[in-house]
Amino acid sequence: MANPGVDATSSQVPESPLFDIKQVPGKGKGLVARIDIPTGTRIFREKPLLIARNMSPHMLQKDLEPKIKALAKDQQRQFLCLHNNFPGQYAFAGIVKTNALPCGSGAMVGAVYPTICLVNHSCMPNSHTNWNEDAGHETIHATRFIKAGEEITIAYDKGGTSDTRRASLKQSFGFDCDCPVCSLGIPELQASDTRRLQIQALDDAIGDPFRMRSSPAASLADCHSLLGVLDEEYGTGRAVLARLYYDAFQICIAHSDQARATVFAERAYKSRVVCEGEGSPLTQKMKRMMENPAGHPNFGGYSKNWKTSKSQVPKSLDAVDFEKWLWRQGR
Ligand SMILES: C[S@@+](CC[C@H](N)C(=O)[O-])C[C@H]1O[C@@H](n2cnc3c(N)ncnc32)[C@H](O)[C@@H]1O
């Protein structure tokens with residue numbers, strides 16, 4: 001990991017050796033790589049200026065007023081310099097709605113940061129942000145190699161086809177997405193849309209605990225299919241990979257297969273390191289699962305049908321046969 005990042009404590013947004021804050025045509029301010037940034041590099045970490053709950057603009061404005069008053073003057077300036085997509089009566093609420101990043105997946109609270117909130121959107125992002133609950137800070141990591149001069153981007157959208165994403169980005173953030181995916185020609189865009197819908201459908205199917213219990217082989221096959229579609233759509237380095245490997249881990253461990261569970265936990269751990277760093281609580285959880293899969297609360301919870309021990313991970317298979325073994329193909 002290259003750079004531990006710097007906390008924003010001064011009135012100026014802090015300097016970083018990895019990026020410059022620049023005007024990006026058509027997008028306002030953005031972060032642009034100053035040097036080549038290898039995959040897995042921590043680009044920055046930052047403490048929030050403030051944390052707010054998701055609520056109506058009127059209520060949010062009332063909630064924010066004392067919080068903003070309590071900030072130091074330079075922090076107030078940092079907050080007020082952030083973009084507001086919803087100008088009008090509730091200016092503070094508008095800034096929060098435009099900029100807040102959720103404190104964890106599905107969280108009802110979001111945090112606002114002086115620097116990380118300057119990162120613009122792409123449907124093919126090169127970076128990933130993560131809230132570290134233990135440390136109380138947000139991190140941003142490069143999920144693929146970023147060339148010097150390239151803009152650092154994250155995904156704001158919740159998925160779906162290009163039309164769905166563009167409509168939601170327009171409504172929530174006020175811009176027409178013309179990222180490399182949304183600008184594809186019609187046949188390529190249709191192929192991308194099909195893959196993104198497949199990704200959603202597979203993700204939903206894998207998340208079904210009843211299927212995981214009654215048809216684990218089918219659930220595991222879905223994980224493998226999802227891996228293939230993700231690879232086709234994004235290449236490597238998507239945060240969703242860590243979740244996918246953890247799902248595969250959970251299927252195996254619930255049916256007592258410690259050998260495959262160990263391998264999946266290791267892959268989940270490595271994906272988390274890339275996207276969130278070693279210090280993320282979820283990375284550390286994956287490490288514990290990798291070292292002691294039987295410590296998972298649902299170990300053997302569904303059946304003993306796939307029972308193996310950790311030592312049964314095959315050592316002499318070539319890469320192709322190892323993958324066949326891992327995904328239980330040809331059984
Ligand atoms: C969280 S802010 C990002 C920083 C912002 N560019 C600024 O100048 O403060 C979100 C806003 O940035 C702009 N933005 C982000 N991604 C964009 C994109 N891909 N294309 C055009 N505008 C974008 C939109 O105005 C959006 O409401």
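This short presentation covers the annotated domain, the ligand shell and three helix packings of one predicted model.

Good morning, colleagues. I begin with the annotation. An unreviewed UniProt entry lists residues 17-157 as "domain: SET". Over that stretch the chain is 21% helix and 30% strand, and the C-alpha atoms at its two ends lie 29 Å apart.

I turn next to the ligand. Around the ligand there are 19 residues, of which G28, K29, H83, N120 and F175 come nearest. Which elements each supply at least two residues of this shell? They are β2, at 28-33, α3, at 91-99, and β7, at 120-121. The greatest contribution comes from β2, which gives three residues. By class, the shell comprises ten polar, seven nonpolar and two charged residues.

Now to the helices. Two packed helices are described by the distance between their axes and the angle between those axes. I shall give both values for each pair.

The first pair involves α3 again, a helix that also supplies residues to the ligand shell. Helix α1, residues 57-69, packs on α3 at an angle of about 95°, and the axes are 8 Å apart. An angle between 65 and 115 degrees counts as roughly perpendicular, and α1 is therefore roughly perpendicular to α3. From α1, the contact draws on P57, L60, Q61, L64, E65 and I68, while α3 provides F92, A93 and V96. Seven of these contact residues are nonpolar, one is polar and one is charged.

The second pair is α5, residues 186-206, with α7, residues 216-234. Their axes come within 9 Å and cross at roughly 155°. Angles over 145 degrees count as roughly antiparallel, so α5 is roughly antiparallel to α7. The crossing of α5 and α7 is left-handed. Among the residues making this contact are R195, R196, I199, L202 and D203 of α5, and D222, L226, V229, E232 and E233 of α7. The contact of α5 with α7 divides into eight nonpolar, six charged and four polar residues.

The third pair is formed by α8, residues 240-254, and α9, residues 258-276. Here the axes come within 8 Å, with a crossing of roughly 160°. These two helices are therefore roughly antiparallel to each other. The crossing of α8 and α9 is left-handed. On the α8 side, the contact includes L241, Y245, Y246, F249 and I253; on the α9 side, it includes R260, F264, R267, A268 and R272. How do the residues of the contact of α8 with α9 divide by class, and what is the count of nonpolar ones? There are 13 nonpolar residues, along with three charged and one polar.

To close, I return to the two antiparallel pairs. The contact of α5 with α7 includes six charged residues, whereas that of α8 with α9 includes three. Thank you for your attention.

Definitions and conventions. Residues numbered from 1 in each chain as written. Predicted model: local features only at pLDDT ≥ 70, side-chain atom pairs only at ≥ 80, totals over all residues. Axes fitted to C-alpha atoms, helices over the stretch in contact; angles between N-to-C directions. Helix = DSSP H or I, 4+ residues; strand = E, 2+ residues; numbered from the N terminus. Parallel < 35°, antiparallel > 145°, perpendicular 65-115°, else oblique. Left-handed = near helix turned anticlockwise from the far one by under 90°. Contact = placed C-beta atoms within 7 Å. Nonpolar A, V, L, I, M, F, W, Y, C, P; charged D, E, K, R; others polar. UniProt positions renumbered as here; feature names shortened; annotations may be inferred. Near = placed C-beta within 6 Å.
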